[in-house]
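Reader: I'd like a close look at one part of this model, taken slowly, and then a walk from there to whatever else catches the eye. Could you keep it chatty but stick to the numbers?

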Amino acid sequence: MAMRFTTASAKTLKAYSALFVRGLQTFSLPDLPYDYAALEPVISAEIMKLHHQKHHQAYITNYNKALDQLHAAISNGDASAVVKLQSAIKFNGGGHLNHSIFWQNLAPVEEGGGEPPKGSLGWAIDNDFGSLEALIQKINAEGAALQGSGWVWLGLDKELKHLVVETTANQDPLVTKGSSLVPLLGIDVWEHAYYLQYKNVRPDYLKNIWKVINWKYAGDAYEKES
Ligand SMILES: [Fe+2]
C-alpha cells in the first residue's frame with residue numbers, strides 16, 4: 001500500500017514539476033452551479049449533461065492539447081507550427097470561455113431564473129433598447145437569423161458606455177467583435193444546445209430560454225464593468 005502511494009506521489013510530483021517548468025496553465029471542466037435537470041422543462045437534463053460533459057469537455061481537452069503543442073513549437077522555434085495552431089487555440093479556447101459564461105447565464109426558476117433585471121442594468125436596457133421586451137425580441141431575431149453555429153450576446157461597450165447586441169460565429173468570443181466589448185449574457189445557438197429537444201426550431205428554444213435566464217449574473221457583471 002505504502003509502495004503504491006509513493007509511486008503515485010512521485011508521478012504527481014513529476015507531472016506538477018513539468019507544468020511548473022513549462023509555465024503552462026491547463027484548464028479543467030468547471031462544475032455547473034445547478035443539477036443537470038434543474039432547468040427543465042426549458043432545457044432537458046439530457047441536453048445539459050451532454051453539453052457540459054461532452055461538448056464543453058472536448059473544447060477544454062483540445063485547448064490544453066493545443067497549448068501543449070504551442071509550447072513545443074515555441075521551444076523548437078517553429079514559426080510555421082505556431083501560426084498553424086492559432087485557429088485551434090481560438091476555437092477551443094473560445095469554446096471554453098463562452099460555455100463558462102453560458103452556464104452562469106442560466107439559473108433554475110426557483111433560484112431566480114427568468115426574473116427581470118433590477119438596478120442599473122434594468123435602467124440601461126430601457127434607455128438603450130426601449131424595454132426589456134424589445135431587447136429580447138432583438139436578441140431572438142438576431143439569434144434566429146445567425147447562419148450556422150454561433151452565439152448571440154448582450155454586451156457592454158465600455159468605451160461608448162452603452163449596451164450592444166452582437167452575434168459571433170462558431171466559438172468566437174464577444175471580444176472578437178471589438179476590444180472594448182464585455183459579455184453580460186451569451187446564448188449558445190449551436191444545434192447541440194437545443195436539437196435533442198427543439199429539433200430544428202431554434203426560435204422556440206430562444207423564446208423559452210428567457211424563463212431560465214440569470215439576470216442577476218448579467219446585472220452584477222454590468223455593475224462591475226461600468
Ligand atoms: Fe455549446
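Author: Lys-199 sits in the loop between helix H7 (195–198) and helix H8 (202–209). Keep in mind that this is a predicted model. The backbone is what to look at here: Lys-199 isn't a glycine, yet its phi is positive, at about 55°. As for its surroundings, Lys-199 has a relative accessible area of 45%, so it counts as partly exposed, a class that stops at 50%.

Follow the chain out of that loop and you're in H8, which has a helix to pack against. The axes of H8 and helix H6 (residues 132–145) come within 9 Å and cross at roughly 150°. Roughly antiparallel starts over 145 degrees, so the pair H6 and H8 gets that label. As for handedness, the crossing of H6 and H8 is right-handed. If you want to see who touches whom, pick out Asn-140, Gly-143 and Ala-144 on the H6 side, which meet Arg-202, Pro-203, Leu-206 and Lys-207 on the H8 side.

Now for another lysine with a positive phi: Lys-161 has a value near 55°, and it isn't a glycine either. Its loop runs between strand E1 (150–157) and strand E2 (162–169). With 69% relative accessibility, Lys-161 counts as exposed.

One more backbone oddity to check is the peptide bond joining Glu-40 and Pro-41, which is cis, with omega about 5°. Pro-41 lies in the loop between helix H1 (2–22) and H2.

H2 takes us to the metal. An iron ion is held by the NE2 atoms of His-51, His-99 and His-192 plus an OD atom of Asp-188, at 1.9 to 2.1 Å. His-51 belongs to helix H2 (residues 45–75) and His-99 to helix H4 (residues 86–104), so this pair links parts of the chain that are 48 residues apart. Written as a spacing, the donors go H-x47-H-x88-D-x3-H. These two histidines are tucked away: His-51 counts as buried because its relative accessibility is 1%, and His-99 counts as buried because its value is 0%.

Why is the geometry called irregular? The four donor atoms subtend angles of 91 to 137° at the iron ion. To pass as tetrahedral, all angles would have to lie between 85 and 135 degrees, so the upper end of that range, 137°, rules the label out. For reference, the ideal angle for four tetrahedral donors is 109.5 degrees.

Conventions. Residues are numbered from 1 along each chain as its sequence is written. This is a predicted model: local features need pLDDT of at least 70, side-chain atom pairs count only at pLDDT 80 or more; totals for chains, interfaces and linings use all residues. Side-chain values use heavy atoms; hydrogens and water are left out. Donors are N, O and S atoms within 2.8 Å of the metal (3.2 Å for Na, K and Ca); water is not among the atoms, so sites may look incomplete. Four donors count as tetrahedral if all angles lie between 85 and 135 degrees; four count as square planar and six as octahedral if opposite donors are over 155 degrees apart and all others between 65 and 115; anything else is irregular. Helices (H or I, at least four residues) and strands (E, at least two) are DSSP runs, numbered from the N terminus. Buried means under 20% relative accessible area, exposed over 50%, partly exposed in between (1.4 Å probe, protein chains only). Axes are lines fitted to C-alpha atoms, for helices over the stretch in contact, and angles run from 0 to 180 degrees between N-to-C directions. Angles under 35 degrees count as roughly parallel, over 145 as roughly antiparallel, 65 to 115 as roughly perpendicular and the rest as oblique. A crossing is left-handed if the near helix is turned anticlockwise from the far one by less than a right angle, and right-handed if clockwise. Contact means heavy atoms within 4.5 Å.
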